[in-house]
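Biologist: Hello! Could we go through this one together, question by question?

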Amino acid sequence: MPHVVPGSVLCVLLPLDEPAGELSLGEGSLLERAVGLLRAAVPGCTVITAPLGPDLAYLVDSAGAELVLVHDPTFPFVSVEQVRSVQAAADASDTAAVLVTAVTDTLKQVAPDDRVLATVDRASFQALIGPLVVTPPVLSATLAAVRVDPSPEGRLAALVEALGRLVGVSRVILDEPGAAGCRVSSADDLRYAEALLASKASATVASAG
């Protein structure tokens with residue numbers, strides 16, 4: 001993967017579905033926060049909002065960018081440093097790269113009739129956070145070859161899975177994701193995220209004092 005200058009990066013934000021599209025956190029909506037994050041992490045980048053699919057493949061092909069960064073705005077606490085670490089991993093591995101974390105919840109195998117069959121070893125699972133960083137030709141070829149899950153939870157995961165089969169995906173693993181692993185897609189999620197913001201603000205005031 002070529003080392004790129006900031007202006008040659010196309011940042012794609014996945015559209016927000018209801019109710020996430022109506023949620024605001026702190027001083028801006030989830031989408032506004034995501035735009036600010038990407039412009040801070042990749043100065044001079046082009047930011048668009050588009051769903052995964054053939055139309056995006058056309059936009060990517062016509063943009064003339066050397067690198068594409070795909071991010072889900074429902075993860076509002078991903079940091080500038082984490083975005084740059086994924087870029088670095090993609091550059092170093094000559095393939096795609098994505099931000100993930102270990103699964104900490106207990107996983108259960110469930111039968112079609114909702115009977116719990118077994119506890120699954122979570123060590124072999126990872127939770128996808130994003131962003132995903134990939135070259136335009138690889139992304140376009142993947143979008144042409146795979147039908148992406150349209151659900152908010154599944155669309156980026158399906159793309160990463162397809163990329164893994166085609167070219168491989170390097171994973172930047174957050175052992176302690178902290179707030180970065182917080183997904184905001186409902187009013188309940190928003191209340192938890194607001195509590196995180198308040199906690200961060202209190203910690204900043206305490207350290208300054």
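**Contacts, strands and salt bridges**

Modeller: Gladly! Outside its neighbours within four places in sequence, His-71 is in contact (heavy atoms within 4.5 Å) with Val-12, Leu-13, Leu-14, Ala-34, Leu-37, Val-78, Gly-130 and Pro-131. This is a predicted model, where local features need pLDDT of at least 70, side-chain atom pairs count only at pLDDT 80 or more, and totals for chains, interfaces and linings use all residues. Residues are numbered from 1 along each chain as its sequence is written, and side-chain values use heavy atoms, with hydrogens and water left out.

Biologist: Is His-71 buried or exposed?

Modeller: His-71 sits in strand E5; strands (E, at least two residues) and helices (H or I, at least four) are DSSP runs, numbered from the N terminus. Buried means under 20% relative accessible area, exposed over 50%, and partly exposed in between, with a 1.4 Å probe and protein chains only. At a relative accessible area of 1%, His-71 is buried.

Biologist: Which residues of E5 point the other way from Leu-67, Leu-69 and His-71?

Modeller: In a regular strand the side chains alternate between the two faces of the sheet. In E5 (residues 67–71), 5 of the 5 residues are buried. Leu-67, Leu-69 and His-71 point one way, and the other way point Val-68 and Val-70.

Biologist: Which residue in E5 does Val-9 stand opposite?

Modeller: Strands pair if DSSP finds at least two bridges between them. E1 (residues 9–13) and E5 run parallel, joined by 5 bridges. Opposite Val-9 stands Leu-67.

Biologist: Why is there no bond from the sulfur of Cys-45 to the closest cysteine sulfur?

Modeller: A disulfide is a covalent bond between the sulfur atoms of two cysteines. Here the term takes a pair of cysteine sulfur atoms within 2.5 Å, and the structure holds 0 disulfides. Cys-45 is buried at 10% relative accessibility. The closest cysteine sulfur, in Cys-11, is too far from that of Cys-45 because the distance is 3.6 Å.

Biologist: Which residue does Arg-165 meet in a salt bridge?

Modeller: A salt bridge is a side-chain nitrogen of Lys or Arg within 4 Å of a carboxyl oxygen of Asp or Glu, and the count comes to 2. Arg-165 is exposed, at 58% relative accessible area. Its partner lies 4 residues away in helix H5, about one turn. At 3.4 Å, N to O, that partner is Glu-161.

Biologist: What is the N to O distance between Arg-191 and Asp-188?

Modeller: Both residues, Arg-191 and Asp-188, lie in helix H6 (residues 187–208), 3 residues apart. Asp-188 is exposed, with a relative accessible area of 53%. The side chains of Arg-191 and Asp-188 meet in a salt bridge at 2.1 Å.
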